[in-house]
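Student: Please choose one part of this model and take a close look at it, working outward to the rest of the chain. I would like a connected account rather than a list, with the criteria stated as the terms come up.

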Amino acid sequence: MDSRPPPPGGQPDLLVIAEVLEAVSRLAICTGQVLEDTNWPLFSVVAGRLVIHAQCVRMADSCFKGIDEAPDPELLADLATAGVTSRASARELLDHYVLVQLEGTAAVFSVLQDHYAKDTRTMSQCIGNALFAARHWVEAAQRGIDGWMVAHARKGIC
C-alpha cells in the first residue's frame with residue numbers, strides 16, 4: 001500500500017510523473033530497437049534523456065519534501081549545462097529544467113511520428129503510432145508538472 005499522502009488538488013504526484021517518464025523511455029527503446037535505419041541512435045539518446053528527466057523530477061520531489069539526496073553525476077552534469085544548480089528549489093528544477101527539456105522531447109517525438117506515419121509500410125505506421133503514444137505521455141507529464149506547481153503555488157508552498 002502506498003503510504004504517501006494524496007496529491008494536493010487531485011494533481012499527479014511527482015513520483016508518478018517520474019514513473020511515466022521512465023515508461024516512455026522504455027517505449028522509446030523498444031520502438032527504436034525494431035528500426036534498422038539511421039534514427040535508432042536518436043531513439044537511444046531520447047530514451048536516456050527521459051531517464052535523466054525522471055531523476056530530476058524525483059530530485060525535485062525530494063527537495064520539496066526537505067530530503068537532501070545526492071543526485072546522479074550525469075544529472076548534475078546536465079543541470080550544470082542547462083545553467084541550473086543542484087541546490088535549486090523544486091519549482092526551479094521543474095520549471096527551468098524539466099519542462100523545458102520535455103518540450104524538446106515532445107517535439108522530437110512529433111517530428112519522428114510524422115516521418116513514420118507517412119510511410120506506407122505497416123511497420124513504419126506502427127512505429128508512428130508508438131511515437132504518438134510517447135508524445136502523448138510526455139505531454140501528459142508536462143501537464144502534470146504544471147498542475148503540481150500551480151496547486152502548490154496556490155497554497156504558497158512552492
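Tutor: The answer below begins with the chain as a whole and then looks closely at one helix and its surroundings. The model is a predicted one, in which local features need pLDDT of at least 70 and side-chain atom pairs count only at pLDDT 80 or more, whereas totals for chains, interfaces and linings use all residues. Residues are numbered from 1 along each chain as its sequence is written, and side-chain values use heavy atoms, with hydrogens and water left out.

The protein has five helices and zero strands, and the order of its elements from the N terminus is α-α-α-α-α; helices here are DSSP runs (H or I, at least four residues), strands are runs of E of at least two, and both are numbered from the N terminus. Of its 158 residues, 39% count as buried, a class that means under 20% relative accessible area, with exposed set at over 50% and partly exposed in between (1.4 Å probe, protein chains only). When contacts between residues at least 6 apart in sequence are considered, 69% of them join residues at least 24 apart, contact meaning heavy atoms within 4.5 Å.

The part chosen for the close look is helix α5, which spans residues 122-154, and a suitable place to enter it is Ser 124, which lies in this helix. With a relative accessible area of 8%, Ser 124 is buried, and if residues up to four places away in sequence are not counted, it touches Tyr 116, Ala 117 and Asp 119. With Asp 119 there is also a link between side chains, a polar contact of 3.3 Å; such a contact is a pair of N or O atoms within 3.5 Å, where within protein one must be able to donate a hydrogen and the other to accept it, and residues adjacent in sequence count only if both atoms are side-chain atoms.

Ser 124 can also be placed relative to residues much earlier in the chain. Its C-alpha is 9.8 Å from that of Val 34, although 90 residues separate the two in sequence, and the C-alpha distance from Ser 124 to Leu 35 is 8.7 Å across 89 residues. Leu 35 belongs to the loop between α1 (14-33) and α2, and with a relative accessible area of 13% it is buried. Apart from residues up to four places away in sequence, Leu 35 touches Phe 43, Tyr 116 and Ile 127. Tyr 116 is thus a contact of Leu 35 and also of Ser 124.

Further along helix α5 comes Arg 135, which is buried at a relative accessible area of 19%. Beyond its neighbours up to four places away in sequence, Arg 135 touches Ala 106, Phe 109, Ser 110 and Gln 113. As for helix α4 (residues 90-117), it holds Gly 104, and this glycine is partly exposed, with a relative accessible area of 36%. The C-alpha atoms of Gly 104 and Val 46 are separated by 9.8 Å, with their positions 58 residues apart along the chain.

The aromatic rings bring helix α5 together with helix α2. Two aromatic pairs are found when the whole structure is searched. In the pair of Phe 64 and Trp 148, the ring centres are 4.9 Å apart and the planes stand at 80°, so the arrangement is edge-to-face. This pair links distant parts of the chain, since Phe 64 is in helix α2 (residues 40-64) and Trp 148 is in helix α5, 84 residues apart. Pairing requires the centres of Phe, Tyr or Trp rings (for Trp, the six-membered ring) to lie within 6.5 Å, with planes under 30 degrees apart called stacked, over 60 edge-to-face and the rest tilted. The partners differ in accessibility, Trp 148 being buried at 3% and Phe 64 partly exposed at 29%.

Helix α2 also contains Met 59, buried with a relative accessible area of 10%. Outside its neighbours within four places in sequence, Met 59 is in contact with Pro 71, Leu 75, Leu 79, Ser 86 and Leu 93, and its C-alpha is 9.6 Å from that of Leu 14, 45 residues away along the chain. Helix α3 (residues 73-81) contains Asp 78, which is buried at 15% and which, leaving aside neighbours within four places in sequence, is in contact with Arg 49, Ile 52 and Tyr 97.
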